[in-house]
Amino acid sequence: MSESLIDRVRERLAAESSSLRPAAVAAAIRAESNGVLGDTEVLTNLRVLQTELTGAGILEPLLRAPGTTDVLVTAPDAVWVDDGDGLRLTTVRFADEGAVRRLAQRLAVAAGRRLDDAQPWVDGQLTGLGTGEFSVRLHAVLPPVAAAGTCLSLRVLRPATQDLQALITAGAITPEAGELLADIIAARLAFLVCGGTGAGKTTLLAAALGAVSATERIVCVEDAAELSPPHPHLVRLVARAANVEGAGEVTMRHLVRQALRMRPDRIVVGEVRGAEVVDLLTALNTGHDGGAGTVHANSPAEVPARLEALAALGGLDRAALHSQLAAAVNVVVHVGRGGDGLRRLTEIAVLCRADTGLVQAVTAWHVDRGRETGHPRLRNLIGERR
């Protein structure tokens, strides 16, 4: 099927406000080909057009596959997927660069974004793809910004619903670490889950929240709806980007402030990655114990520095950040992804203030070494709160 015929059929369907039902698309194909195509050719072209016009096109099967976390396109013949064992090249191929660009632009429109030569990149969220059981975070860059051609990145956001026992059974958490984590939650100690991209931070946070008492009210603030802990009293607030006209934005910082007015027992920020850290620390210092969140960091020791950088975006200087952090957050839990692709809880650290006045992370438990120097301090904190 020629690119010009695809474009004509697309324009006809848009002009007629036609649905994408097979009969309507087939009629448009016949009309735009002047009726010269036979039934077999129409059926073949119908399949091509359904791939071009609906869902994520030829990437749809990859997104639907169990375990897929990322689908990345770097060239028409270079489609990569991460399904738990790291990135691997697939056999999926686009016809040409134009096909990749068309898909990226169509997905951008579906996300309510603009993607063209004047705005050559897009960041948005898609819902309703695949089976509808997940959403997808979209990022795309067009040439010449992407020098080798349109670059498309799709992150699959499946609801995190596993509980602690399921993660222990799967080997993601050792029984000793699971017991310690359960005690941290019961004692209402505020904690952050840190790790790299795709390490399983959201999965662990959701499992931890599932262990919160059913009598407590949890208010979760997220950039994308991922947290679905098995808890009976959960309120989810999801941020919203501005539309193509630049209006309607609802930021994470807005939502943290709203959460404070919703009578939360625990405030949770799905991912702390901006100025909202200032409002979260303020909230945790005003009587809201047991709060939680995730943050990108390579180890618990790096978390204070990471929060320093984020707090600077909210106008909080280093001394003020460490003062707030020392009083607001008690524990950092680190998850990592091994060479075998498995995600595991690898370290639990307690935050304490050094003689310099700065907060530092002291390891209480490590997957390879067991209990460490921070363990007595953590146990004392748990004992004081229970």
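This report covers an internal cavity, a nonpolar surface patch and several salt bridges in a predicted model.

## Cavity

The structure contains one cavity of 30 Å³ or more. The volume of the largest cavity is about 30 Å³. Its lining consists of Leu192, Val272, Val277, Leu280, Leu281, Leu284, Leu307 and Val329.

By residue class, this lining has eight nonpolar residues, no polar and no charged. Helix H10, residues 276-284, makes the biggest contribution to the lining, with four residues.

## Surface patch

Trp80, Leu87 and Leu89 together make a nonpolar surface patch of about 270 Å². Leu89 belongs to strand S3, which covers residues 87-89. Leu89 counts as partly exposed because its relative accessibility is 43%.

## Salt bridges within short stretches of sequence

Across the whole structure, 17 salt bridges are found. One of them joins Glu60 and Arg64, with 3.6 Å between the closest N and O atoms. Both residues sit in helix H4 (residues 60-64), four residues apart, or about one turn of the helix. The two partners differ in exposure class: Glu60 is buried, at 11% relative accessibility, whereas Arg64 is partly exposed, at 47%. The cut-off for buried is under 20% relative accessible area, so Glu60 at 11% falls in that class.

Asp83 and Arg88 also form a salt bridge through their side chains, at 2.9 Å from N to O. Asp83 has a relative accessible area of 27% and is therefore partly exposed. Arg88 is likewise partly exposed, with a relative accessibility of 41%.

## The Arg188 network

Arg188 pairs with Glu216 in a salt bridge whose closest N and O atoms are 2.3 Å apart. Arg188 is in the loop between helix H7 (175-186) and strand S7 (191-195), and Glu216 is in the loop between helix H8 (201-210) and strand S8 (218-222), so the pair ties together parts that are 28 residues apart in sequence.

Arg188 is partly exposed, with a relative accessible area of 23%, while Glu216 is buried, at 11% relative accessibility. Arg266 is linked with Arg188 and Glu216 in a network of salt bridges.

## Summary

The lining of the largest cavity has no polar and no charged residues, and helix H10 gives the most to this lining. The nonpolar surface patch is made by Trp80, Leu87 and Leu89. Among the salt bridges, Glu60 and Arg64 both lie in helix H4, whereas Arg188 and Glu216 lie in loops, and their pairing ties together parts that are 28 residues apart in sequence.

Technical notes. Residues numbered from 1 in each chain as written. Predicted model: local features only at pLDDT ≥ 70, side-chain atom pairs only at ≥ 80, totals over all residues. Heavy atoms only, no water. 1 Å grid on protein atoms, 1.4 Å probe; cavity = no way out; pocket = protein on both sides within 12 Å on 5 of 7 lines; lining within 4 Å. Points joined across faces, edges and corners; volume = space filled by probe spheres on them. Helix = DSSP H or I, 4+ residues; strand = E, 2+ residues; numbered from the N terminus. Nonpolar A, V, L, I, M, F, W, Y, C, P; charged D, E, K, R; others polar. Patch = residues over 30% accessible without salt bridge, like charges linked within 9 Å, V, L, I, M, F, W, Y side chains within 5 Å. Areas by Shrake-Rupley, 256 points an atom, 1.4 Å probe, with all protein chains shown as cover. Salt bridge = Lys/Arg side-chain N within 4 Å of Asp/Glu carboxyl O. Buried < 20%, exposed > 50% of the residue type's maximum accessible area, 1.4 Å probe, protein only.
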